[in-house]
Number of protein chains: 2
Amino acid sequence: MLARATATASATARRAMSTVTEITAKAIVYSSYGDPLDTIACHSYKLPSKPINGKEVLLQTLACPLNPSDINQIQGVYPSRPSLTKELGTIEPSAVCGNEGLFKVLATGSEVSELKAGDWVIPSNVNFGTWRSHALTTSENLTKLPNDGKLSIAEAATITVNPSSAYQMLTLYVDLKPGDWFIQNGGNSQVGRAAIQIGKTLGLKSISVVRDRPDLKELKEELTQLGATHVITEEENSSREFGKTIKQWTEGKPIKLGLNCIGGSNLTNMARKLGKDATLLTYGAMSLKPVSLPTSLFIFKNLTAKGFWVTENIKRIPGSRESTIKELIKLYESGDLAEIKHDEIEVSANEGTEEEFLAAFKKGLVESKKGKQLVVFK
Amino acid sequence: MLARATATASATARRAMSTVTEITAKAIVYSSYGDPLDTIACHSYKLPSKPINGKEVLLQTLACPLNPSDINQIQGVYPSRPSLTKELGTIEPSAVCGNEGLFKVLATGSEVSELKAGDWVIPSNVNFGTWRSHALTTSENLTKLPNDGKLSIAEAATITVNPSSAYQMLTLYVDLKPGDWFIQNGGNSQVGRAAIQIGKTLGLKSISVVRDRPDLKELKEELTQLGATHVITEEENSSREFGKTIKQWTEGKPIKLGLNCIGGSNLTNMARKLGKDATLLTYGAMSLKPVSLPTSLFIFKNLTAKGFWVTENIKRIPGSRESTIKELIKLYESGDLAEIKHDEIEVSANEGTEEEFLAAFKKGLVESKKGKQLVVFK
């Protein structure tokens, strides 16, 4: 995807150079795998100020998040990654970082009818390379989002990963009916918070496991406000005694679905709360420990353990990405889903130095341990 | 099931006592849960020599295995177990041990048309209590097996657990086509040996992991004779380097199914050999360690981990038990499936003391660590 899009961009840029006004685009790139802070660089290159090819679309980035999977991609430990090429004019074969982001259409080629300047678009696939100021691509690589003021830039820029994961895990694996229960760890993660809210709109009841912390009371209140039925600590989760409390809460109804992004003993203890015939979906491993489950859960409680990877679902379930985004837009517009909790780092799309551009993303990498970082282009 | 059958037996016995010749039946019973050697006892009781009630069937046991699940049942750690009752005339509420066995029909009530004296039958459900010399039940609790000399007593007496598990795991979960690969640990277990043979008849290729042992060469030859494509040791299974050899064997074809009865690191290493979108079925935990799987297998290789319990499949998939038995009989009759490897312990159905009867089963319990023990009634 990236290879093709940037090949077009580069060739077009060369052809256009003498006839059309140019834009200086900046992109965060890597040419080898390793610690992102040591590995990423800012690369500037020229783009024409309007598309030459009829199907092209010229974009300016509005915002892009720094997701854990983006970081894993730069580290070289993520199975999905773009090819390293010289298409942007880098000395070493490189790729542009980032898989998720929101773009504004600056101009369209003569054969593009479905998009116009000012429209909001997101990449239709991963490996687009979103940590950049501008992009030149073709319209079939883009998905249009409404730009009518109901969806915020942050909501639109982060719609395809965290809330999409939550929505798909709650709707595509187990036939949950209103009143049914699910349990999740990482309850305060972005996916966890989205699952709480989406679960509530589906009429589901939820138990969210969170780490103990000084402001636990406030966090519990916040998540309850979002729609959590119950919020418990890892300590409560690990107590066999506490299982009785959970049974009282659920009035003996089996918990049908578990969502796991932690692994290790946190998961093992959570899995014990699942009812017969339950499904456990693993979408992360924040503890860096494996999925470890007592054999009896499999044999005698008929547990099914599966993985969830939103990137793969795009391929596996055709149309799932589009239908998920459609549903999420409704939830954002109705106010049932809150904007993702994030910090913003501002950067200029058209001005400033390469050093400033790079510094913004490096700051995001450092801060990403504290919470979701969103680079916003002014 | 047991409760009802023995209630009938006991009531009938009392009514019949003055008019019909009696049989002295012996049964291995337990009235509390614990170490089987300390817990089991022999209980003698009277049965009429022919059924009084029209739907009753009087049985003499031909053979019954001592399965691990029977032992777990007596230990009280098995979720499926019969009620403890006084129906057999025991002082303490008791249950008869054993879930699998072959019986010969001695006599039938006037309303039983589908069975006659001399027919072979097995219990249609678990918790029948098979460690006994005789039983009086009704015909709907029994499944008829052919008694035409093609099926041996040992084959018929053990058809519902080990080979049924192997057959169902290979046929009910993944749509395996001839030429497809599966991998299993416990390759020399009874289920493992059955899976090797059944897999071969289905055109499947298999890799079986076995423990290293002094007579490894002989075991490899034996399993290869049965139909194993490859037999590897736990050491080879645990070597990342050896993964390359396996890829050469499979010519890059993904291994679609894994069968696990061990758990722990043996399983973790085996699971790494599975291909994308594979299914892992766990039916035992001989290492007593959990099912521990790297998160990446779930997220990036789309692994599905499930449990297998033949007892539960009877309920979950109606007709699966009958159709499995039918297929297994064909395989036994064609010679494609060998008699289960076992030791025989002889005991008299009609003669001998309670002590001798009990001693036979205690011997079986002690010897069961070495291999499958089958108590055969002469």
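Me: Where in chain A does Ala117(A) lie?
Reply: First the ground rules: this is a predicted model, where local features need pLDDT of at least 70, side-chain atom pairs count only at pLDDT 80 or more, and totals for chains, interfaces and linings use all residues, while side-chain values use heavy atoms and leave out hydrogens and water. Residues are numbered from 1 along each chain as its sequence is written, with chains lettered from A and ligands numbered from 1 in the order in which they are written. Helices (H or I, at least four residues) and strands (E, at least two) are DSSP runs, numbered from the N terminus. On that basis, Ala117(A) is in the loop between S5 and S6 of chain A.

Me: Is Ala117(A) buried or exposed?
Reply: Buried means under 20% relative accessible area, exposed over 50%, and partly exposed in between (1.4 Å probe, protein chains only). With a relative accessibility of 52%, Ala117(A) is exposed.

Me: Which residues does Ala117(A) contact, leaving aside neighbours within four places in sequence?
Reply: Leu66(A) sits 51 residues away in sequence and 26 Å away in space, C-alpha to C-alpha. Contact means heavy atoms within 4.5 Å. With sequence neighbours within four places left aside, the partners of Ala117(A) are Val105(A) and Leu106(A).

Me: What does Lys144(A) pair with in a salt bridge?
Reply: A salt bridge here is a side-chain nitrogen of Lys or Arg within 4 Å of a carboxyl oxygen of Asp or Glu. For Lys144(A), the closest N and O atoms of the pair are 3.5 Å apart, and the partner is Asp119(A).

Me: How many residues apart in sequence are the parts tied together by Lys144(A) and Asp119(A)?
Reply: Lys144(A) is partly exposed at 45% relative accessible area, whereas Asp119(A) is buried at 7%. Strand S8 (residues 142-145) holds Lys144(A), and Asp119(A) is in the loop between strand S5 (102-108) and strand S6 (120-123), so the parts tied together are apart by 25 residues.

Me: Which residue of chain B meets Asp277(A) in a salt bridge?
Reply: The N to O distance is 3.9 Å. The pair crosses between chains, going from the loop between helix H10 (264-271) and strand S13 (279-282) of chain A to helix H12 (residues 310-316) of chain B. Asp277(A) is partly exposed at 46%, and the partner, partly exposed at 35%, is Arg316(B).

Me: And what does Arg316(A) bridge to?
Reply: Arg316(A) lies in helix H12 of chain A and its partner in the loop between H10 and S13 of chain B, so the pair joins two chains. Arg316(A) is partly exposed at 34%, the partner is partly exposed at 45%, and the closest N and O atoms are 3.9 Å apart. The partner is Asp277(B).

Me: How are the two copies related?
Reply: Copies are superposed by least squares on the C-alpha atoms of residues with pLDDT of at least 70 in both. Chain B goes onto chain A with an RMSD of 0.0 Å after a turn of 180 degrees and a shift of 0.0 Å along the axis. The copies are thus related as by a two-fold rotation axis.

Me: In chain B, which C-alpha is nearest the axis?
Reply: The copies meet through the same surface, because 100% of the interface residues of chain B are also interface residues in chain A. The C-alpha of chain B nearest the axis is 2.0 Å from it and belongs to Ser292(B).

Me: At what angle do H5(A) and H13(A) pack?
Reply: Axes are lines fitted to C-alpha atoms, for helices over the stretch in contact, and angles run from 0 to 180 degrees between N-to-C directions. Angles under 35 degrees count as roughly parallel, over 145 as roughly antiparallel, 65 to 115 as roughly perpendicular and the rest as oblique. Helix H5 (residues 162-171) and helix H13 (residues 320-334) of chain A have axes 10 Å apart, with an angle of about 105 degrees. That puts H5(A) and H13(A) in the class roughly perpendicular.

Me: What is the relative accessible area of Leu328(A)?
Reply: Leu328(A) lies in helix H13 of chain A. Not counting residues up to four places away in sequence, Leu328(A) touches several residues, including Pro163(A), Ser164(A) and Tyr167(A). Leu328(A) is buried, and its relative accessible area is 0%.
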